[in-house]
Amino acid sequence: MFARLKDFDLYRKIPKDLTETSTLSTGLSMCAAVFMLILFVAELWAYLTLNISSNIVIDPNTENLLRVNFNITVLDVPCEYAVIDVVDVLGTRTDNVTVNINKWQVDENGLRRNYEGRNQEQRDLQHDEHHDLVALHANGVHAVPLDQRNFDNWLSHHEYTFVNFYAPWCIWCQRLHPVWEAFAEKVETDHLPVSVVQVDCVENRDLCMEQKIQAFPQLRLFKHGQVQPPDYRSDRTVDSLIEFVSQRLAQDEQLASMKLEDRQAHLERKEEERNDHPGCMMSGFLLVNRVPGNFHIEMRSKHHNFNPAASNLSHIVNSLSFGPILPRTAVRQLESIPEKYFTPRSLEPMNGNVYTNEKLHSAFHHYIKVVSTEVDLGGRYSGDNSIMTYQMVQSSQVMQYEDNEVPEARFSYDLSPMAVVVTRRGKKLYEFITSMCAIIGGTFTVVGLLNGFLHILFKAKKV
């Protein structure tokens, strides 16, 4: 049995006595060795090198929703008025989205100052409805109307002045008018040292622009001509207004009785509060339908109308991207891809951009083309675990609004029907081994044939 197996030997040896060497064979053997070494190095380099390719296909994504991640700072809009609406071509409209959104008040440099909350809805305000303006005016007007000419003089001659900045066309101002008159009469009856006045912002536009009045009605307390922030934002009832004024007066009486150093520290804190910059940083994410649409930031309130001329939607896009947040390990892998195939910057091209409105009644509109991009890096990031990203191409322009329209910062997006597939692949080990066998076997065979041919040729010449 073993003898039969020995007959199967494919690599039978020729006795050394039956072989001979020659100078020609030695030279060819050395050339073959050098040639195989060169091919080995080239094949090893090819094995260690990763090949990257990109293709364009019909977008295979079947998900219904798309995530939009954002961190945007509006530089001149208070957080209480800054809202985000979402609209798409299917007719879906969601106003004042608050879910998954955080807000911070920012200073004049755009730096975060105070946390305003998460998922907060605008609160409802109570209104008095039982005051008769005609009856209140029977004994005269108690809320003194001021204008551009006497405003500063009035503030300088009264220690406390409570001002209602209003617009006659504002429905909320019309509801407040009898309440404000009743409040002014109550202040006189109770002998409170506060003058209650009102300013028509239609007739005194420059004055209201100087005071940066963005919403109507705006109720603001002054002391010796200086604003005492924050502005009044509570219920619009006589009792609530009286309570607010009484608390402010009591606080000032308590301050007067403090020690000098404590009073100075308190005044310093009040001075910081006086710099009540209206900027707001909004951060979070939206889940939108995978159809063309837009989300926009504008000023809106349940109990205010807004002054279009004072609506400044200048903003900073701190970050804006589509799709899930990528882990750091995946981002590092993406950074290793050559820029001609893919660059992480294309995922967030608007990051850090500042959009400043130079004119009134204007705002920036942004147009974004979103392209699905699947990155297959092999290994743990291949197949179903490929990195799914969304590249963006954007353009921005300033849009003008009518004088009676409140501007909005709009971000319009449209998903491309085509998708980009970026693949990174290297040679597999079995391919490398196969190539090495082919190099060795092929070289050995070709050189052997060449050696035999030359041996016959030279032997024939000798004969």
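By class, the second largest cavity is lined by six nonpolar, two polar and one charged residues. The classes first: Ala, Val, Leu, Ile, Met, Phe, Trp, Tyr, Cys and Pro count as nonpolar, Asp, Glu, Lys and Arg as charged, and the others, Gly among them, as polar.

Some ground rules. This is a predicted model, where local features need pLDDT of at least 70 and side-chain atom pairs count only at pLDDT 80 or more, while totals for chains, interfaces and linings use all residues. Residues are numbered from 1 along each chain as its sequence is written, and side-chain values use heavy atoms, with hydrogens and water left out.

Back to the cavities. A cavity here is a set of points, on a 1 Å grid over the protein atoms alone, where a 1.4 Å probe fits but cannot get out; lining residues have an atom within 4 Å of a point. Grid points are joined across faces, edges and corners, and a volume is the space filled by probe spheres set on the points. The structure holds two cavities of 30 Å³ or more.

The second largest has a volume of about 30 Å³. Its lining is Ala82, Val83, Ile84, Asn96, Val97, Thr98, Ile101, Lys103 and Met282. Strands β3 (82-88) and β5 (101-106) each supply at least two of these residues. β3 gives the largest share, three residues. Strands are DSSP runs of E, at least two residues; helices are runs of H or I, at least four; both are numbered from the N terminus.

Stay with Asn96 for a moment. Asn96 sits in the loop between β4 (93-94) and β5. Its phi is near 50°, positive in a residue other than glycine. Asn96 is buried, at 16% relative accessible area. Buried means under 20%, exposed over 50%, partly exposed in between, with a 1.4 Å probe and protein chains only.

Now a contrast. Is His191 buried or exposed? At 70% relative accessibility, His191 counts as exposed. Its phi is near 60°, again positive in a residue other than glycine. His191 lies in the loop between α5 (171-189) and β9 (195-200).

Next, the largest cavity. Its volume is about 40 Å³. Leu125, Pro217, Leu219, Tyr232, Arg233, Ser234, Arg236 and His304 line it. That lining divides into four nonpolar, two polar and two charged.

Pro217 also takes part in a cis peptide bond, with Phe216, at an omega of about -10°. Pro217 is in the loop between β10 (215-216) and β11 (218-223). A cis peptide bond also joins Pro229 and Pro230, with omega about -5°. Pro230 is in the loop between β12 (226-227) and α7 (238-256). Most residues other than glycine have a negative phi, and most peptide bonds are trans.

On to the sheet. Six strands form an open sheet, ordered β6-β5-β13-β2-β16-β17, with antiparallel pairing. β6 (112-118) and β17 (353-355) stand at the edges with a single partner strand each, so one side of each has no neighbour in the sheet. Two strands pair if DSSP finds at least two bridges between them. Strands β2 (65-74) and β13 (279-289) pair over ten bridges. Val68 has Leu286 in β13 as its bridge partner.

Last, helix α2, residues 23-48. How far apart are its end C-alpha atoms? They are 38 Å apart, which agrees with the 38 Å expected for 26 residues at 1.5 Å a residue. That expected span is 1.5 Å times one less than the number of residues. The buried residues of α2 are Leu28, Ala32 and Glu43.

How values were computed:
1 Å grid on protein atoms, 1.4 Å probe; cavity = no way out; pocket = protein on both sides within 12 Å on 5 of 7 lines; lining within 4 Å.
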